Each structure stands twice: as C-alpha cells, then as structure tokens.
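Open the model in your viewer and keep the selection box handy. We will make a few stops, choosing something new to select at each one.

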Amino acid sequence: MVKGRIVHLIATAAVAAGLIAGCGSSSSSSSSSSSAASSSASSSSSTTGMASSSSGVSAGVAEAQKLVAQWMAPPAWHGPTAPVDIAKAKGKSVYFINLTEEIPALHEWGVVMAQQLALAGVSTQKCDAKGSPNGIILCLQQALAAKPSAIVALALDTKFIASYIAKAKSEGIKFITGQTGTPGIPTIPGDDAEVTFDYGQVGRILADWYVATSHCSSAPQIITSTSSRQPSLAEVAGIESEVKRLCPGMTLPSVQNVLIPDWPTELPTLTRSLLTSNPKLQYLLPLYDGMTIYMNPAIEGIHRSVPVEEASFNGTPVVMQNELAKPSPLAADIGGPNEWYGVALADQVLRVLTGAPVVASENVPLRLFTRANIGSINVHANEATWYGSVNPICEYHKLWGLPCS
C-alpha cells in the first residue's frame, strides 16, 4: 500500500471518529496551539526528568525491562470460565450502534460479534453513527424504537448517552457498552455490562517501555487525543503513575492534546515545535499509532543530532507494516487482537441475554511489539496470527457448548 493511500485511509477514519469530540469534551479540550506547545516544551527542558535517587532508578529500570519482556510474549488465555447456556438466547435480537464504520477495527469488532451471535440464534441490526453527535442520537432513537432484546453501543461516551441508557432500562431493554477504557462492572444506571481493552494497562506498558529504553534519562512527552475521551484519560493516567513509580522524582512535561480531526494539520506543527523548543527531548508517547503517520515526517525533517523514538497503541496493520517494521521513529506499538475482542463482546452480550452473571472483564489481551520481536510475526499476514497460538473463538465456543473446530 502506497504512503498516500495510508494517509488517506487513516485521515478519512480520523475525521469521522473525531466528530464525537463535541460529545465527550468541551471546546476547551481542543488541540494546543503551536505557541502553547512551544511554551510547554521550553518549560519542560528544565525538568528533563532526572530522578532523585540513582538506586531507585536502577531498580525501576530493572523492573521495567522484565515487564517489557513479559509483554512482548504472545498472550495466554485468561478469559471467562463460567459457561453460558446460549439456547436461552435463541430468537432474541440485538441493535448494534457503532461510532463509525470507517475505522477498520470498529468495523471488524461488529462483524465478528454479529457472526458469533448468529450461532446462538440471535439476530443483529446495525446502525452506523458516522462519528457524529447527530448520528449517535439518531441511532439511539432508532434502537429504542426497534425494541430489541438488547442494545450494544460501541465506542460511545457513556456520559453523553446516559439518558438513552436509562430510557432503555425503563423499557426493559438490556444495554451493553464497549471500549470505554476501564474494565469493570458499569456504574451508569441501566448499563448492564462493558467490554473494553484495559487502557490504563496500555499506559503502564508504554511507560515500562519508556523506562526500559531511556533509563529515566529524559522525560517523555505524552500527546493525547480527547476525541476519544474516556480511553485517553485512562491511558494517560497509566503512563503517569507508572513513570512516577519507576522513575522516582521525575517530572513529566504538560500533556499535549490534538483532536482527531486536527491530526493532519496540527500534529506536524506540534511535533516540530516540541522538538525544536526542547533539543533534549528524545521520547514521544502519542496515544494512538495513527498519529505517527503525521508526526514522523516532521521528526525526520528536522534532522536532529539527538534521536527521537516513539511508542504508541493500536497495532494498526498499516502502521505496523510501514512504520514499526521499517526504519522510522516508531520503536514500539501495543496491539490488541481485533477478532478476540469481537468474540469477547459477543460473549458478554450472550451473558446478558441469557441472564447469566456478567464478567467484570473479558481480559482481552495486549501484546507489545518492538523492533526486537517484530521479526517474529508476519506483519502482512492475518492480524490474528500476531498474537500466538490461542484460538479465542475456540475457547469461547467451549464455554457456549459449541464444537471447537
């Protein structure tokens, strides 16, 4: 795939997804201006993060190195163990609301979920919210009018849709949310279950990589995107707490934020400003790997004597193929298996539909890819093969009483 096609694909997806920003955050959370970025970078140069205790740093680095090695290994199965009597779900219906079908991962999650629910005799109707607040509201209204057995809302801000969740509850419709950032039993009234990657853990893994690589020598710059508000907050908190734990005394520069629709125009400017204002800055932690497509040309165009390395999250195939697997500033990328997530979402839906106890976490795994292990996978093969020998569909079918092929 040529570079232009990659940029077009991710830019299209980003613009669609970014429209949700108005739902999850106020206009005050829009991207930082270049001057603000410059000011932040300048101030951070005086707090480059030299830890106060050399013994504490050494212990932290050693621990981080062990953690990195663990996260680079293929994941094992740690999913649910309680079976589900899927016969009780036969004939029921699900109304699936997707934030946007333009983002490949979100599309795949919905496809896998619907395929797996069909095996239990559950029908699925889908509504594409197209990344806009109006689209989300329209989909929610249509879902309530359809009176399904359950509504599944993927990647929607739970605070924004709370009133619709409550209305569904009042009408006897079950509600399941997905990808809100932190696993656990939902606290929003009427939200019966949640399935999400653990974005706090994502942040801790990024921090572990940073500590193991830098030895706490130069503080990293976090670049977030609050268009995806709940996951972003969890990921940033994970980074900050882990760096504080492993690099005693380190002060991190102020977090910079660029909303998804602004990635193509503002990320290059922000990147140049950060690096030119702080010549000692070596590590960048953009939360989502699609951001690196716009940041890396800016990094490479500066020709700094001090090298710059990035670590990020999503394991997006085009980024893995064209950035991590080739010479580029991206040195580490955390991935979460999409097929695994889709069948895990179906499992939670079936638990809700059948009255079985829901699980606090489906424990969908994460894997850290770096230049040290990227050669162990075929980045052009099916993404499911990147995560080792576990067959998540087979594991869930065992729980559902279906044959494991």
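Start with the sheet of this predicted model: six strands form an open, mixed sheet, and their order is β7-β6-β8-β9-β10-β11. Select residues 256–257 for β7 and 367–370 for β11, and you have the two edge strands, each pairing on one side only.

Next, colour residues 309–314 and 330–335. These are β9 and β10, which run parallel and are joined by five bridges. Show A311 here and look across to β10, where A332 stands opposite.

Now add residues 263–277, helix α10, which packs on the sheet. Which strands does α10 touch? The helix touches β6 (221–224), β7 and β8 (283–286), and its direction makes about 165° with that of β6.

For a helix pair, select residues 133–146 (α6) and 162–170 (α7). Their axes come within 11 Å and cross at roughly 0°. Angles under 35 degrees count as roughly parallel, so α6 and α7 are roughly parallel to each other. Turn on side chains to see who meets whom: I137, L140, Q141 and L144 belong to α6, while Y164, K167 and A168 are their partners in α7. By class, the residues of this contact are five nonpolar, one polar and one charged.

The last stop is an empty space. Select W71, N363, V364, P365 and L366: of the 16 residues lining the second largest pocket, these are the closest to its centre. The pocket holds about 270 Å³ of space. Its lining has nine nonpolar, six polar and one charged residues.

Note on methods: Residues numbered from 1 in each chain as written. Predicted model: local features only at pLDDT ≥ 70, side-chain atom pairs only at ≥ 80, totals over all residues. Heavy atoms only, no water. Axes fitted to C-alpha atoms, helices over the stretch in contact; angles between N-to-C directions. Helix = DSSP H or I, 4+ residues; strand = E, 2+ residues; numbered from the N terminus. Parallel < 35°, antiparallel > 145°, perpendicular 65-115°, else oblique. Contact = heavy atoms within 4.5 Å. Nonpolar A, V, L, I, M, F, W, Y, C, P; charged D, E, K, R; others polar. Pairing = 2+ DSSP bridges. 1 Å grid on protein atoms, 1.4 Å probe; cavity = no way out; pocket = protein on both sides within 12 Å on 5 of 7 lines; lining within 4 Å. Points joined across faces, edges and corners; volume = space filled by probe spheres on them.
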